[in-house]
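Here is a short tour of one chain, starting with confidence and moving on to a sheet and a cavity. Please keep the viewer open as you read.

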Amino acid sequence: MKYLSSSLCFLCLWIALCSCQRKNQQDPLAANLSQAPEKSIAGMVWITGGDFTMGTNDQNSYPSERPAVIKRVNDFWMDETEVTNKQFAEFVEKTGYITVAEKIPDWEEMKQTLPPGTPKPDASLMVPGSLVFVGPEKAVRLDDISQWWQWVLGANWKHPEGLGSDLNGRENHPVVHIAFEDAQAFAVWSGKRLPTEEEWEYAAKGGKNTRFPWGNELTPQGQFKANTFQGDFPHENVKLDGFQGTAPVRSFAPNNFGLYDMIGNVWELTSNWYDAIAFMRANNIAPALDTAISKCFNPENPYAIEKVIKGGSFLCADDYCINYRPSARRGQDVYSGTSNVGFRCVMDAE
């Protein structure tokens with residue numbers, strides 16, 4: 001595989017990446033808003049809505065998750081699993097859809113997320129590709145994500161590691177290298193939509209208000225319940241959970257609502273614009289976001305145009321990031337995908 005020059009790689013990394021309650025008590029779920037429908041929908045789970053604690057007051061978390069706030073969601077249906085390569089392939093076969101990663105980068109879109117005056121890269125560098133996690137051979141500084149993220153020519157949903165890679169044996173793995181508009185297109189085609197951040201977190205918590213969907217321990221009694229990174233990030237993944245990268249959906253037990261992989265495996269896109277201090281605003285300890293200036297707010301990148309992603313991925317590690325929790329949230333550039341971001345869909349109750 002050939003990689004773009006370090007300068008374009010830096011730009012793409014900047015554009016596309018921001019990644020990488022202690023009390024064991026029941027959440028204040030409201031009374032059911034309605035009874036579950038008699039008719040089921042294949043591959044989807046009925047979620048009875050209610051009130052819940054969104055975010056966390058756990059100090060062993062990130063500022064963007066705090067302080068917690070009470071929210072309410074209505075009833076909805078949600079995909080049991082992340083959208084798989086097999087499902088996305090069916091969509092592409094029937095529609096001829098071409099993903100963002102398969103197209104020549106659009107400079108007019110790209111420059112919107114860069115400081116004014118940023119020069120356009122040479123045309124030879126503006127080629128289809130995507131960001132791929134490539135683990136270094138030895139320990140590296142953790143403040144330089146370019147040590148493990150590389151812009152790979154030809155990387156897309158069909159070729160997750162770039163040209164020469166394929167989906168053989170990975171039909172039931174979550175589809176990756178999906179930009180926001182790609183996920184939206186699939187959702188519309190399937191008669192669904194992307195979940196809101198509130199819906200996603202409510203569903204992930206499964207009626208509980210613990211650190212993880214199953215309790216407050218990541219590996220209770222030594223059992224792995226999600227696909228995360230074990231070892232010395234980013235160069236040594238000892239694969240105690242059995243997986244190096246993505247895992248087939250349903251590899252681990254579902255949460256209380258019957259949903260699989262609500263933490264780990266791949267980050268999942270939501271429909272919300274990313275605001276790093278959304279919970280401070282909701283608790284009236286920060287001013288409202290001026291959407292006339294920007295739809296989102298990321299102090300790490302003032303030019304960000306990002307949607308919220310949830311749940312962490314196979315790259316979340318104890319020694320680097322602890323985003324494998326329902327309350328965890330990051331921003332994802334709307335024009336880009338990566339090898340650890342996917343999605344699932346929801347439907348409104350009739």
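pLDDT is the predictor's confidence in each residue, on a scale from 0 to 100. This is a predicted model, and its chain has a mean pLDDT of 91, with 90% of the residues at 70 or more. The start of the chain calls for some care: over residues 1-33 pLDDT stays under 50, although the model has 112 contacts beyond four places in sequence for this stretch. Where pLDDT is low, the predicted coordinates should not be read in detail.

Now for the sheet. Three strands form an open sheet in the order 1-4-13, and their pairing is antiparallel. Strand 1 and strand 13 are the edge strands, each pairing on one side only. On average, neighbouring strands here are turned by 25° against each other, direction ignored.

| Strand | Residues |
|---|---|
| Strand 1 | 44-47 |
| Strand 4 | 76-79 |
| Strand 13 | 346-348 |

Strand 4 and strand 13 are joined in the antiparallel sense by three bridges. If you would like a residue pair to look up, Trp77 has Met347 of strand 13 as its bridge partner. What lies across strand 1, strand 4 and strand 13? That is helix 5, residues 197-205, which runs at about 75° to strand 4.

Finally, a cavity. The second largest one holds about 30 Å³ of space. Trp214, Leu218, Thr219, Phe224, Lys225, Ala226 and Thr228 line this second largest cavity. By type, its lining comprises four nonpolar residues, two polar and one charged.

Conventions. Residues are numbered from 1 along each chain as its sequence is written. This is a predicted model: local features need pLDDT of at least 70, side-chain atom pairs count only at pLDDT 80 or more; totals for chains, interfaces and linings use all residues. Side-chain values use heavy atoms; hydrogens and water are left out. Two strands pair if DSSP finds at least two bridges between them. Helices (H or I, at least four residues) and strands (E, at least two) are DSSP runs, numbered from the N terminus. Axes are lines fitted to C-alpha atoms, for helices over the stretch in contact, and angles run from 0 to 180 degrees between N-to-C directions. Contact means heavy atoms within 4.5 Å. On a 1 Å grid over the protein atoms alone, a cavity is a set of points where a 1.4 Å probe fits but cannot get out, and a pocket is an open set with protein on both sides within 12 Å along at least five of seven lines; lining residues have an atom within 4 Å of a point. Grid points are joined across faces, edges and corners, and a volume is the space filled by probe spheres set on the points. Ala, Val, Leu, Ile, Met, Phe, Trp, Tyr, Cys and Pro count as nonpolar, Asp, Glu, Lys and Arg as charged, and the others, Gly among them, as polar.
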